[in-house]
Amino acid sequence: MAEHSSRAADVLVIGGGIIGCSIAWRLAQAGMKVTVLDRAEPGGEASSAAGGMLAPLGEMLEPRTFSELCVASRNLYPRFAAEIEESSGHHAGYRSDGSLMVALDEKIERELGEIQRVQTAQGYSLDPLTPGEIQGRGADLSPHVRGGLFIPEDHWVDNERLMRALLIACQRAGVRLEAGCAVHKFNLTGDRIDSVVEENDTRYTAKTYVLAAGCWSGKIAEGLGIKVPVAPCCGQMMEFEVERELPFVVRSGMHYLVPRPGRRLLVGATSEHTGFEKTVTANGLLSLMEGAVRIAPMVGKALFLRAWAGLRPDTVDHLPILGYGEIENLTFATGHFRNGILLAPVTAEIIADLIVKGFTSRPIEVYRPTRFK
Ligand SMILES: Cc1cc2nc3c(=O)[nH]c(=O)nc-3n(C[C@H](O)[C@H](O)[C@H](O)COP(=O)(O)OP(=O)(O)OC[C@H]3O[C@@H](n4cnc5c(N)ncnc54)[C@H](O)[C@@H]3O)c2cc1C
């Protein structure tokens, strides 16, 4: 079996999505020698497929501690994006223009009322808007919009740009990124990992390992005899070129419109538990189109650019899996489901602190990997 020269790494990260790379970057900044293994191209899965909303206030995230974690991560974003820009020399695509939630039926109107009541009680500022006020915001939305909530603190990021800049920042910080390396076996001594082996039989060793392989993390953990139930939840997305750039994210129910530079517009997203296949289906596209045109009829006249699907890493309680479990030198950073772009900065901070300092000041007990036993 070949012995790879990266055997002296301090930390080996399995999975090069936004979670694995953000952690690797923070660790390299702290002076550690880090290798990231990805079975394909780093950044090529959910982290590029996402809509990029950084929106903890536009929905009721449970439990309260999870909602607070999401807000904390959103608060870290301006600095996180600016640092990535400084390190990479590339734009990270962060936008803080706020998000608009609109109601097109009574059910969503009631939901928005509840969101406003709960979030305002927590001290957040959300602006209720009448249909007239919404039309005055220049978003060219449906005349059937019954009302809405503008949430100045719900932001968004062009996650494809961010991911590209993060990969460059990683390289410049000295992270070794290995594409086409699918980890498939672990060598253990007692409760410690000695090495991992990838499909071409190259062996990698490190003092500490991080499992950040998105929806594939559960399958990989099986190789350690550990049950970490992470399942794929497929999301289909479409992209259009519109006549006029939308000034902010607009959401209604499960559908959302996210502006991208160059008058591009993303439309998302479906939510399907259909296994590891990333399939774009006629029904998926139909549902996205119907939702988008209902919110903004102008999308019906837009130029279609592309459609794709990605796999969100879902868990049974829909909460992420963070920190050390049964294996002494393995920390988990996975299961971020619908909020992995949002949670990247805080996850990187938590996991880097656990590895470098041996503790985190954030409450992470609820996300412990052993809770599924
Ligand atoms: C349609 C859609 C819309 C979304 N919208 C949003 C949003 O608006 N806001 C938000 O915050 N989040 C959103 N998400 C969720 C977000 O994209 C994910 O939570 C996040 O990208 C997860 O990041 P990750 O790094 O854990 O996983 P991934 O990006 O999937 O990365 C995992 C990596 O592990 C690699 N890997 C797999 N198996 C192995 C192996 N055996 N060995 C080595 N490497 C391996 C893969 O190749 C992959 O690159 C959305 C997701 C989808 C699909």
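Here are some notes on this structure, which is a predicted model.

1. Start with the overall layout. The chain is split into two domains, and neither is one unbroken stretch: domain 1 takes in 5-54 + 161-229 + 317-372, while domain 2 is made of 99-152 + 231-315. If you want a feel for the spacing, the centres of domain 1 and domain 2, taken over C-alpha atoms, are 30 Å apart.

2. How many residues of domain 1 are in contact with domain 2? There are 21 in domain 1, and they touch 21 residues of domain 2. Together the two domains bury about 1700 Å² between them, with carbon and sulfur atoms giving 62% of that area. On the domain 1 side, have a look at Met 53, Cys 215 and Phe 337: these lose the most area to domain 2, and together they make up 37% of what that side buries.

3. Next, the polar side of the same interface. Eight residue pairs are in polar contact between domain 1 and domain 2, counting pairs with both residues at pLDDT 80 or more. The domain 1 residues that touch domain 2 come out as 10 nonpolar, five polar and six charged.

4. Side chains of opposite charge can pair when their charged atoms come close. The count of salt bridges between domain 1 and domain 2 is one. To see a salt bridge in the model, find Glu 45 and Lys 278, where the closest N and O atoms are 3.1 Å apart.

5. Salt bridges turn up elsewhere too, and a search of the whole structure gives 29. One of interest joins the side chains of Glu 153 and Arg 74, at 3.6 Å from N to O. Why does this pair tie together separate parts of the chain? Glu 153 sits in the loop between strand E7 (147-151) and E8, whereas Arg 74 belongs to helix H3 (residues 64-88), so the salt bridge links parts that are 79 residues apart in sequence.

6. There is also a small open sheet to pick out. Its three strands run in the order E3-E8-E4, with antiparallel pairing. At the edges are strand E3 (53-54) and strand E4 (94-95), each pairing on one side only. Strands of a sheet pair through backbone hydrogen bonds, either parallel or antiparallel. Between E4 and strand E8 (residues 155-157) there are two bridges, in the antiparallel sense. Follow Arg 95 across to E8 and you arrive at its bridge partner, Trp 156.

7. Now for some backbone details that are easy to skip past. The peptide bond from Glu 62 to Pro 63 is cis, with omega near -10°, and Pro 63 is in the loop between E3 and H3. Gly 268 and Ala 269 are also joined by a cis peptide bond, here with omega about -20°. You'll find Ala 269 in the loop between strand E16 (264-268) and helix H8 (282-295).

8. Is phi of Asp 201 positive or negative? Phi of Asp 201 is positive, near 70°, in a residue other than glycine. Asp 201 is in the loop between strand E11 (192-198) and strand E12 (203-211).

Conventions: Residues are numbered from 1 along each chain as its sequence is written. Side-chain values use heavy atoms; hydrogens and water are left out. Domain bounds come from an automatic or database domain assignment. Contact means heavy atoms within 4.5 Å. Buried area is the accessible area (1.4 Å probe) that two parts lose on being put together, summed over both. A salt bridge is a side-chain nitrogen of Lys or Arg within 4 Å of a carboxyl oxygen of Asp or Glu. A polar contact is a pair of N or O atoms within 3.5 Å; within protein, one must be able to donate a hydrogen and the other to accept it, and residues adjacent in sequence count only if both atoms are side-chain atoms. Ala, Val, Leu, Ile, Met, Phe, Trp, Tyr, Cys and Pro count as nonpolar, Asp, Glu, Lys and Arg as charged, and the others, Gly among them, as polar. Two strands pair if DSSP finds at least two bridges between them. Helices (H or I, at least four residues) and strands (E, at least two) are DSSP runs, numbered from the N terminus.
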